[in-house]
Amino acid sequence: MAGKTRSKAIEYVEPIGARVLVRKDEPKRETKGGIALPDQAEIPTITGRIVAISTQIENNTDFPLRQYDKILFHPKDAIPVDFEADNQLFVIPIEDVVAVFRRDPVDKKKSKADEEDED
């Protein structure tokens, strides 16, 4: 039977291996001082939010990354994902994640639950 198969829309992208899926932040069109930049002078952006984490990284305590963390990454090996027309999604190797932005430092040795037990 030679029937036509209808392709399903992709609903989820799961990174494999030591990688994360990142939604890249929009490029800056204005300086902090409020000066509007022409399109040719666009400041390259290498920050974004983690959309998904591979199982290998999620279970590795050496990489304290969580979904929705804002990260700084090196874009050289970023692989673009043509998944959502309006979003800039990239699969990033974990070694290209340079930093994670946090409001409070994460103390790996001592958690808040441990501190409460001491009181």
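This passage describes the fold, the strand pairing and the buried interior of a predicted protein model.

The protein has 119 residues, of which 24% are buried. Two helices and six strands were assigned in the protein, and along the sequence these elements follow the pattern β-β-α-β-β-β-β-α. The exposed surface amounts to about 9,600 Å², with carbon and sulfur atoms supplying 50% of it. Among contacts between residues at least 6 apart in sequence, 63% join residues at least 24 apart.

Confidence varies along the chain. The average pLDDT of the protein is 78, and 66% of the residues reach a score of at least 70. Among the elements, strand E2 (residues 47-53) has the highest mean pLDDT, at 95, whereas helix H2 (residues 112-118) has the lowest, at 49. Over residues 110-116 the pLDDT stays under 50, and the model has three contacts beyond four places in sequence for this stretch. Where pLDDT is low, the predicted coordinates should not be read in detail.

The six strands form an open sheet in the order E4-E5-E1-E2-E3-E6, with antiparallel pairing. Strand E4 (79-81) and E6 are the edge strands, each pairing on one side only. On average, neighbouring strands of the sheet are turned by 40 degrees against each other, direction ignored. Strands of a sheet pair through backbone hydrogen bonds, either parallel or antiparallel.

The individual pairings can be followed across the sheet. At one edge, E4 and E5 pair in the antiparallel sense over three bridges, and Val81 has Leu89 of E5 as its bridge partner. Further along the order, five bridges join E1 and E2, again in the antiparallel sense; here the bridge partner of Val20 is Ile53 in E2. E2 is in turn joined to E3 by three bridges, and these two strands run antiparallel. In this pairing, Gly48 stands opposite Ile71 of E3, and Arg49 stands opposite Lys70 of E3. At the other edge, E3 pairs with strand E6 (residues 97-101) over four bridges in the antiparallel sense, where Ile71 stands opposite Val100 of E6.

Burial was examined next. Strand E2 is mostly covered, with five of its seven residues buried. In E3 the side chains alternate between two faces: Ile71 and Phe73 point to one face and are buried, while Lys70 and Leu72 point to the other and are not.

The largest nonpolar core comprises 13 residues, and those with the most contacts inside it are Val20, Val22, Leu65, Ile71, Ile92 and Val97. Two or more residues are given to this core by each of strand E1 (19-24), E2, strand E3 (70-73) and strand E5 (89-93). A second, separate core has six residues, among them Leu21, Ala52, Leu89 and Val91. Apart from its neighbours within four places in sequence, Val97 is in contact with Val20, Leu65, Ile71, Leu72, Phe73 and Ile92.

Two residues of the loop that leads into E3 were considered individually. Asp69 lies in the loop between helix H1 (55-58) and E3. The relative accessibility of Asp69 is 8%, below the 20% cut-off, so this residue counts as buried. Beyond its neighbours within four places in sequence, Asp69 is in contact with Gly48, Arg49, Ile50, Pro64, Val100 and Arg102. Tyr68 is also placed in the loop between H1 and E3. Tyr68 is exposed, because its relative accessible area is 57% and the cut-off for exposure is over 50%. The backbone of Tyr68 has a positive phi of about 75 degrees, although this residue is not a glycine. Most residues other than glycine have a negative phi.

Towards the start of the chain, Glu14 is found in the segment before E1. With a relative accessible area of 43%, Glu14 is partly exposed. Glu14 and Val51 are separated by 37 residues in sequence, and their C-alpha atoms are 9.3 Å apart in space.

Methods:
Residues are numbered from 1 along each chain as its sequence is written. This is a predicted model: local features need pLDDT of at least 70, side-chain atom pairs count only at pLDDT 80 or more; totals for chains, interfaces and linings use all residues. Side-chain values use heavy atoms; hydrogens and water are left out. pLDDT is the predictor's confidence in each residue, from 0 to 100. Contact means heavy atoms within 4.5 Å. A nonpolar core is a set of buried Ala, Val, Leu, Ile, Met, Phe, Trp, Tyr and Cys residues joined through side-chain atoms within 4.5 Å. Buried means under 20% relative accessible area, exposed over 50%, partly exposed in between (1.4 Å probe, protein chains only). Two strands pair if DSSP finds at least two bridges between them. Axes are lines fitted to C-alpha atoms, for helices over the stretch in contact, and angles run from 0 to 180 degrees between N-to-C directions. Accessible areas come from the Shrake-Rupley method with a 1.4 Å probe; for residues, only the protein chains shown count as cover.
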